[in-house]
Amino acid sequence: MILVENLVKKYGAFTAVDDVSLEVAPGEIHGFLGPNGAGKTTTIRIIAGLLKPTSGRVLIDGQDLATSAEAAKASLGFIPDRPFIYEKLTAGEFLRFHGGLYGMDGDGIGHRLAEVLELFELTRWEGELVESFSHGMKQRLVMCAAFLHRPRAVLVDEPMVGLDPRGARLIKQVFRHMSARGVAILMSTHTLEVAQEMCDRISIIQRGRIIARGTVEDLRRLAGGADEQLTPVFLKLTGGAGLQEIDEDL
Amino acid sequence: MTGQPFPYLLLPTFWSARNRARRREPGDSARMMLFGGIGVGVAAAIFAVVFWLTWQLDYYEELGDYLIRLGLSWLFLTFLSFLSFSGIVTALSTFFLSEDLRLLVAAPVAPARLFYSCFAKTVAQASWMVATFMGPVLLAVGLARCAGPLYYVAGLSSLLPFVVIPVALGSMVTLLLVNVFPARRARDVLMLMGLLFAVSLVVMLRFLRPERLLDVQTLPDVTAFFATLQSPVTPLLPSFWAGETVFSGLQGGVDWLHAGALWTTALAFTVIARAAFGRYYFSGWSKAQEARKARFTRLRALDTLAHSLPVRPLGRSLLLKDLKVFLRDTTQWSQLLLLLALVLVYLYNFRVLDLERIPYMGAMVKNVYAFVNLAMASFVMSAVAVRFVFPAVSAEGPAFWIIRSAPVPMRSFLWSKFWTGLVPILVLSEALTVVSNRFLGADPFLRVLGAVAIFFMTFALVGLATGMGAQHPRFNAENTTQVAGSYGGIAFMVLAVLYILAMIALLAWPSSLYLWHRFREDPVPALDRAWMVLCGLLAIGLSAATFWAPMQKGIRSLEEMG
């Protein structure tokens, strides 16, 4: 559903994304992990069509993002790390506007809008201005928008930032539900517990390159440890094992 | 930290200014030169006028002295009212809405230090324009009267307490307002009050009909005239004290009484403000942080209107979003009030313009004025376009990801911005041209030409503004005024002025040829006719290029973004 081939993004002499390839199948939740500045957000933003790659190819549902951008984007939902939305629109107006961008119009959108608002527990806020929302509510509203047009693939950049435990649990449930209905989800996160709990496969990126890929089991084997938790495996693979020792010393 | 004096809290402001100066963006030098040049030009003009006036008044001995004294008091009185209002608005921002306050209020900073640092910022921000204007005025008066050093000492030492008094008072009014309304609502109220203040000032000044002063027959007698001027200058106001202190410096003396009144009042007001803020600041600050349920208008009529338009769902969505965001932002729509006032004043000028006083030339002057009118209407349109259309793409701000990640061709997005801007500006510019030409009594041929020309010019200028706005977006700008004043905005204005001048030249010359032959009741010769057609075609071609090329470049620029 999401196919990324040999993606490269350079800023002058600096290579932010270096020959990244990945594939997310329908119904798969694919975790995208890496330390700060490793190139996760850049990769996600390229797949979302927000950044132009230096080279490489992105296909969404078989549509090339470079040559058929509109068709590719029509199958995609995007949830950015920071939920910037039009502050002077109400939640309902924002979702109607968003639906309009994806060609949704008329009476059909009203029913779907009620569904997603219900799903993300925002029904009673439908008529309120976005500027009065908390960060977590804005994040949930962005998720409503991302799922509104029934995308076949969803990109999520740091989904749990600013969410309370109840909101986080809700998001996990929604993602599982969507994945069971065949939606491919590529999720970048720093919350390793979330990745371990939810992802079918994980790719670890460091200094712009994919350094490991597979299920949690695969990664554990690759790191050569028998730990049950993903954190030590991640630290070992990304060269941050020393940090854990410092943490233990402290 | 608690031991640091209050100027320590101002360091980030200085450092930020220093870093901004060091890290220049493209076009900063051009902008600095342009605005710096305008500033120096204005200061030089003020200096020259005041110097000349003071020099002339020197011939009238006692009457001259009296007029200078009166003039100083009036000048200080005008600034006193300006500073009082400016103090209220600035204090709202520096004491309650500034981004760095969360850090400072959470830090172990003594309330007195926080107050003095915020107050210093308020005084500086509210009064820099007054100080900049007063500089050349006081210097010109001093030099024209060959004043001694005491005058300059008096001028400088009066300025500080003079600005502190109204700003302290304004800050206390703000403190009261914030304790009554939430800060963000108070900002809207103030913004509206400020604009209404400006609008009424503009309209009042115009409707006083200052041109009557040029008509000797209508001048009142001198005594009544000065009696009217003198009445509002009350000895109880700081403006009077400042005027008297400066005037006595001009005479070579020192007016201890009024200088003392100024300084003691300024100190007393600062102490009172400090006490008031000590008592009520935290409750006001706390209220400013509360996320009150936002009040707004639903604008359902817009939904109905948009659904009745024959546009695609995408275009309808973009139009509705843009209109609702614009109409719910007080800082945006309220500026339309000022625009409306200026348009009224503009049309009123044509209504009272008495060209019949020039006996034989009346008709010709009217026709020349028709082109001046076309140029003026186009300049007004450019100013409106740079303020409302040029920032249209930048106004998407950090939320632009929504459009960019959606299956929306940038072409459709930019054309939607174009049409949204075009319709109201076309209505405004056509109304302005048609009505003013009617008031003017211009030749029917020129009235039709003006209406047709402004139609093409509106397309061209709105296309230029939309396209250039897409080529030079500033998504991180804090407000649209900042976008309009950016490098791209200035480049737009320069190109717009060049385009308008070229259009006026291309239209005025063939029109004058036609009117000349018609006046003489001659048939227009074939060669002149050919020139007229060529000029017309050139005008259409220039308008089409000015409209089309920037739009295409803008679309390409948006497509290649990132």
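A crossing of two helices is right-handed if the near helix is turned clockwise from the far one by less than a right angle. Keep that in mind for a helix pair in chain B. The model is predicted.

Start with chain B. It has 21 helices and zero strands. Of its 562 residues, 34% are buried. Contacts with a separation of 6 or more are mostly long-range in sequence: residues 24 or more positions apart account for 85% of them.

The domain assignment splits chain B into two parts. Domain 1 covers 31-210 + 234-288, and domain 2 covers 308-559. The C-alpha centres of domain 1 of chain B and domain 2 of chain B are 38 Å apart.

Now look at two helices of chain B. Helix α2 of chain B spans residues 28-57, and helix α5 of chain B spans residues 111-144. Their axes come within 8 Å and cross at roughly 35 degrees. Here the opening definition applies: α2(B) passes α5(B) in a right-handed crossing. Which residues in α2(B) meet α5(B)? They are Ala43(B), Ile46(B), Phe47(B), Val50(B), Phe51(B), Thr54(B) and Trp55(B). Across from them, α5(B) offers Phe133(B), Pro136(B), Val137(B), Leu139(B), Ala140(B), Val141(B), Leu143(B) and Ala144(B). By class, this contact of α2(B) with α5(B) holds 14 nonpolar residues, one polar and no charged.

Chain A brings in strands. Four of them form an open sheet, in the order β2-β1-β4-β5 of chain A, with antiparallel pairing. At the edges sit β2 (14-24) and β5 (63-64) of chain A, and each pairs on one side only. Further in, strand β1 (residues 2-11) of chain A and strand β4 (residues 55-60) of chain A run antiparallel, joined by five bridges. One example is Glu5(A), whose bridge partner in β4(A) is Arg57(A). A helix also meets this sheet. Helix α1 (residues 40-47) of chain A lies across β1, β2 and β4 of chain A. Its direction is about 120 degrees to β1(A).

Finally, see where the two chains touch. Chain B gives 26 residues to the contact, and chain A gives 26 residues. On the side of chain B, the elements that give two or more residues are α12 (313-328) and α16 (400-405) of chain B. Which element gives the most to the side of chain B that touches chain A? That is α12(B), with nine residues. By class, the side of chain B that touches chain A has 15 nonpolar, three polar and eight charged residues. Charged residues do appear here, whereas the contact of α2(B) with α5(B) has none.

Technical notes: Residues numbered from 1 in each chain as written. Chains lettered and ligands numbered in written order. Predicted model: local features only at pLDDT ≥ 70, side-chain atom pairs only at ≥ 80, totals over all residues. Domains from an automatic or database assignment. Axes fitted to C-alpha atoms, helices over the stretch in contact; angles between N-to-C directions. Helix = DSSP H or I, 4+ residues; strand = E, 2+ residues; numbered from the N terminus. Contact = placed C-beta atoms within 7 Å. Nonpolar A, V, L, I, M, F, W, Y, C, P; charged D, E, K, R; others polar. Pairing = 2+ DSSP bridges. Buried ≥ 20, exposed ≤ 12 C-beta atoms within 10 Å, placed from the backbone.
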